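Me: I've just opened this structure on my screen. Can you walk me through it with a few questions and answers?

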Amino acid sequence: MTIMRSQFSDEQRQSIIDDIPAYALGALDEDAVRLVEELVADDTDAALELAEMLETVGEVSARVGAATPPDSLRANLMSKVRGEAGVSEQAMAYSALVSHIEKRIASDEVEDQAERVSIWERVSGMVTAGRLAFATSLASFAIVGIMALQLGADNVELNRKIADMQSEVNAANAYTQDMIDDMSSAQQLLTQAHDRISRQDEEIVRMSTVNDALRASMNDQLSLTYATLRNEYQSPDWQPDATMSQDGYAYLLEHQYQPVGALVIGGVEKAPPGEEYRLYLIGDADVPPDYVASFNMNEAGYGTILFELPSALSDYNGAHITRERITDPPDPSLAAPENRFKPQ
């Protein structure tokens, strides 16, 4: 008889032959069953091996009776199978099949020793010839079940690690969103601060304009005061050089009928807290200057100060304005010729 083997390679053929014991037990899926049947239809050796395997399975099923397995074997196997997470139903079936076959083979009450030896001698011969025996297939099923248990445990651990990583990613996303929200809040604060600064700049410009107008108004008021004073006051033939700023000025006036003097001053900064301005009238070089008045400026830097004259202004050669501490007594030495302003 001609053997047709062109449909499968040698490697595929050997793999299918290895599945013949499982085929005889009815443990293959539909695709594997179809491959075995296609090979057996065209391969005499494969058909012979399948026939022998079916015969072996039939003999084992017919001659090996049911027996109760030892309690220790059943307890150990079931404890391992049920103690693992993720065990499939197929792995449980494989483990049960192994337990069942071991019980039946271990029974000495079914057949005599000679018959059971002849069956397994035949199976042993098949293994020696390079074929997969029935007992070997059962061991393979047990190994597959144990591997399924391990894979199930590995799968649980992998799922746990994936869940932990997902939790870390979620936490990072939440932290990033918080940072974005904080940046948005900071941007809003910066915008509000910029608006306030802009409003403050506008207010400063407005206040500067108002201040300039106030200075001009005060200057006009002082000019009016000076003109009014001149109706009853007269100027000496000298004036103090009291320029204390770029636009500062000072004029001394004397009442025509009373011993009263007047100082009209402007464009001078207000004395800082704890200090004041003092007016000294300077006579002969060998006579100390006379202290006649203490004063300060208003917020605009102007003032009109009336003071009692110890003598007519014509008796003096000039005047000097100092800035001293309020708590210190008047110091005429500060108005000495080397320190004083020269008269005009």
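**One helix, then the sheet**

Me: Which residues of helix 1 (residues 10-18) are buried?
Reply: Helices here are DSSP runs of H or I with at least four residues, strands are E runs of at least two, and both are numbered from the N terminus. Buried means under 20% relative accessible area, exposed means over 50%, and partly exposed is in between, with a 1.4 Å probe and protein chains only. By that rule, the buried residues of helix 1 are Arg13, Ile16 and Ile17.

Me: And within what arc do the buried residues of helix 1 fall, seen down its axis?
Reply: The arc is taken from the directions that run from the helix axis to the C-beta atoms. The buried residues line one face of helix 1, because they fall within an arc of 100 degrees.

Me: Before we go on, what kind of model is this?
Reply: Residues are numbered from 1 along each chain as its sequence is written, and side-chain values use heavy atoms, with hydrogens and water left out. Local features need pLDDT of at least 70, side-chain atom pairs count only at pLDDT 80 or more, and totals for chains, interfaces and linings use all residues, as this is a predicted model.

Me: What share of the chain's residues is buried?
Reply: The secondary structure comes to eight helices and seven strands. Of the 344 residues in the chain, the buried share is 29%.

Me: Which residues touch the most other members of the largest nonpolar core?
Reply: A nonpolar core is a set of buried Ala, Val, Leu, Ile, Met, Phe, Trp, Tyr and Cys residues joined through side-chain atoms within 4.5 Å. The largest one has 21 residues, and the elements giving two or more residues to this core include strand 2 (249-255), strand 3 (260-266) and strand 6 (303-308). The members touching the most others are Leu252, Leu263, Ile265, Leu279, Leu281, Phe295 and Phe307.

Me: How many residues are in the second core?
Reply: This core is separate and includes Phe8, Ala24, Val40 and Ala46. Its size is 15 residues.

Me: What is the order of the strands in the open sheet of four strands?
Reply: Two strands pair if DSSP finds at least two bridges between them. Pairing in this open sheet is antiparallel, and the order is 1-2-3-6.

Me: Which strands stand at the edges of that sheet?
Reply: An edge strand here has a single partner strand, so one side of it is left without a neighbour in the sheet. That applies to strand 1 (233-234) and strand 6.

Me: What is the bridge partner of Leu263 in strand 6?
Reply: Six bridges join strand 3 to strand 6, and the two run antiparallel. One of the partners to look for is Phe307, opposite Gly261. For Leu263, the partner is Ile305.

Me: How many residues lie between strand 2 and strand 3 in their hairpin?
Reply: The two strands pair in the antiparallel sense over six bridges, with Leu252 opposite Leu263 and Tyr251 opposite Val264. Six of the seven residues of strand 2 are buried, so that strand is largely enclosed by the rest of the structure. Strand 3 is mostly covered too, with six of its seven residues buried. The number of residues between the two strands is four.

Me: Which residue is the bridge partner of Tyr233 in strand 2?
Reply: Two bridges join strand 1 to strand 2, again in an antiparallel run. The residue to find in strand 2 is buried, at 9% relative accessibility. This residue also touches (contact means heavy atoms within 4.5 Å) Glu232, Tyr233 and Val260, not counting residues up to four places away in sequence. The partner is His255.

Me: Is Tyr280 buried or exposed?
Reply: Rings of Phe, Tyr and Trp (its six-membered ring) pair if their centres lie within 6.5 Å; planes under 30 degrees apart count as stacked, over 60 as edge-to-face and the rest as tilted. Tyr280 and Tyr291 form a tilted pair, 5.8 Å centre to centre with 55 degrees between the planes. Tyr280 lies in strand 4 and Tyr291 in strand 5, so the pair ties together parts that are 11 residues apart in sequence. Tyr291 is partly exposed at 36%, whereas Tyr280, at 0% relative accessibility, is buried.
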